[in-house]
Amino acid sequence: MSTTPRPSRAPRVIAMLLVIAVAATTALTVSMTLARKQTLAAVAVSTAASTSSSLLAVSEPGPSGSWTSGSPPPGGAARPSGAEHFRIGSITKTFVATTILQLVDDGRIDLDAPIETYLTGVVPNGTNITVRQILNHTSGLYDYMKGEGWSTNRWRGGERFTTYSPDQLLSEAFRHEPYFAPGADFRYSNTNYIVAGKLIETVTGQPYSTVIEQRILRPLNLTDTSFPGSEPSIPEPAIHASTTLEDGKTVGVTEQNVSLDWAAGEMISTTRDLQAFFDALLGGVLISKDSLAQMRTTVPMGMGFHYGLGLERFDLPCGGQLWGHGGQLLGYVTYAYRRDDGRSLTMLLASGKDDGFVSFAAATGAAYCLT
């Protein structure tokens, strides 16, 4: 499904312990013989055993650069350049939330107004669910991607080229009872961001993708970021991906119609564009100081993660916080985070067999915890 990478508790505990070990012991030993850039290069190389290709980009301040492994087409000979396009899954949610907060700054949306105010008769119990609860996943709405055949994080055979409308996605979600009463708990649900996309369209009278292009992509010159809609391919140069099915057959998953994700995770981008976007957002360029503070007001997710308004906080075991989002869609796992000093880390893992959290933990340990 188009979601933020979410490992099970046991692997995450192990990964977190690995990061702590990196911070507490590697900083005293490995860093004496390897520069941080070399350590980051080693992290990128270490992903080769479990992925067809990977991209890792770290920005200043501090040692910066771009490291790659594998090949853009699985099994190819050439290494990635680092400029390739790839699917970013749920990082789309941060673009959507940012646009809604811009509309809040314009006085056109109230975060604490019921969603019924804007989408009359669309969301069951919409008079008791606020815009804020939609954005921070405390609405309780059932995740439509939990249904069989409704997730782009699983192989769907010929159905992967089917086009869906947002209303179809919501109809599937609303067939199910909510997880809990609005505001009673946190549960990540892609349904929230289908609602958020429709909110943008209702308030502006334009397709949500057009609004994001006008308000974010063009002003920031994010020319490599796009909305594929029902187009199954990725612009070249691209990172291609594959997956192995239960019967052992390997199939290509690069091409698929991601209208099934829509505003919850359809976008395509590059490491450069993602870094530029999060620099602008977290640097206060795109939304007001108050809206950014609202965006960074979080609820716990567990194991070091907290969720704000389309924005995640990750607490480093060596101290400090990263802000950003993760994305997962069959064949592609992406992490894009930034520390408040401006140092960002963007990582793409292609054709992996899991959510890549161990690689992310190693990369953050090398980028932020080594001294």
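## Bridges, rings and a disulfide in a predicted model

Tyrosine 142 is buried, since its relative accessible area comes to 15% and the cut-off for buried is under 20%. The model is a predicted one, and this tyrosine is a handy way into it. A search of the whole structure turns up 15 aromatic pairs. In one of them, the rings of tyrosine 142 and tyrosine 179 have centres 5.4 Å apart and planes at 35 degrees, so the pair is tilted. Tyrosine 142 sits in the loop between helix 5 and helix 6 (166-174), while tyrosine 179 sits in the loop between helix 6 and helix 7 (191-204), so the two rings tie together parts that are 37 residues apart in sequence. Tyrosine 179 counts as partly exposed, at 24% relative accessibility. Tyrosine 179 also has a charged companion: arginine 187 lies over the face of its ring, at 3.9 Å from the ring centre. Elsewhere, Phe305, Phe314, Tyr335, Tyr337, Phe357 and Phe360 make up one aromatic cluster.

Now for the chain as a whole. The protein chain has 11 helices and 12 strands. Its radius of gyration is 20 Å, close to the 21 Å that the globule rule gives for 371 residues, so the chain is as compact as a globular protein of that length. Laid along its principal axes, the C-alpha trace spans about 60 × 45 × 40 Å. Out of the 371 residues, 58% count as buried. Take the contacts between residues at least 6 apart in sequence, and 70% of them turn out to join residues at least 24 apart.

Serine 53 gives a close-up of a buried spot. This serine belongs to strand 1 (residues 53-58), and its relative accessible area is 0%, which means it is buried. What does serine 53 contact, leaving aside its neighbours within four places in sequence? The partners are Ser69, Gly70, Ser71, Pro80, Ile239, Leu348, Leu349 and Ala350.

Leucine 282 tells a similar kind of story in a helix. Leucine 282 is part of helix 9 (residues 271-282) and counts as buried, with 8% relative accessibility. Not counting residues up to four places away in sequence, leucine 282 touches Leu292, Arg296, Leu311, Trp323 and Arg338. With leucine 292, the sequence separation is 10 residues, and the C-alpha atoms are 7.4 Å apart in space.

Charged side chains come next. The structure holds nine salt bridges, including one where the side chains of aspartate 106 and arginine 215 meet, with 2.8 Å from N to O. This pair links distant parts of the chain: aspartate 106 is in the loop between helix 4 (92-105) and helix 5 (131-135), arginine 215 is in helix 8 (residues 208-220), and the two are 109 residues apart. Both ends have some exposure, as aspartate 106 is partly exposed at 43% relative accessible area and arginine 215 is partly exposed at 24%.

Another salt bridge joins arginine 175 to glutamate 172, with the closest N and O atoms 3.0 Å apart. Is each partner buried or exposed? Arginine 175 is exposed, with a relative accessible area of 58%, whereas glutamate 172 is buried, at 7%. A further bridge brings together the side chains of arginine 272 and aspartate 273, at 2.3 Å from N to O. Here arginine 272 counts as partly exposed at 42% relative accessibility, while aspartate 273 counts as buried at 0%.

Finally, there is a covalent link to look at. How many disulfides does the structure hold? There is one disulfide, formed by cysteine 318 and cysteine 369, with their sulfur atoms 2.0 Å apart. The angle about the S-S bond is -70 degrees, and the link is left-handed. Cysteine 318 lies in the loop between strand 9 (312-315) and strand 10 (321-329), and cysteine 369 in helix 11 (residues 357-369), so the disulfide ties together parts that are 51 residues apart in sequence. As for their surroundings, cysteine 318 is partly exposed, with a relative accessible area of 35%, but cysteine 369 counts as buried, at 5% relative accessibility.

Key: Residues are numbered from 1 along each chain as its sequence is written. This is a predicted model: local features need pLDDT of at least 70, side-chain atom pairs count only at pLDDT 80 or more; totals for chains, interfaces and linings use all residues. Side-chain values use heavy atoms; hydrogens and water are left out. Helices (H or I, at least four residues) and strands (E, at least two) are DSSP runs, numbered from the N terminus. Buried means under 20% relative accessible area, exposed over 50%, partly exposed in between (1.4 Å probe, protein chains only). Contact means heavy atoms within 4.5 Å. A salt bridge is a side-chain nitrogen of Lys or Arg within 4 Å of a carboxyl oxygen of Asp or Glu. A disulfide is a pair of cysteine sulfur atoms within 2.5 Å. Rings of Phe, Tyr and Trp (its six-membered ring) pair if their centres lie within 6.5 Å; planes under 30 degrees apart count as stacked, over 60 as edge-to-face and the rest as tilted. A charge sits over a ring if NZ of Lys or CZ of Arg is within 6 Å of the ring centre and within 35 degrees of the ring normal. The radius of gyration is taken over C-alpha atoms; the globule rule is 2.2 Å times the number of residues to the power 0.38.
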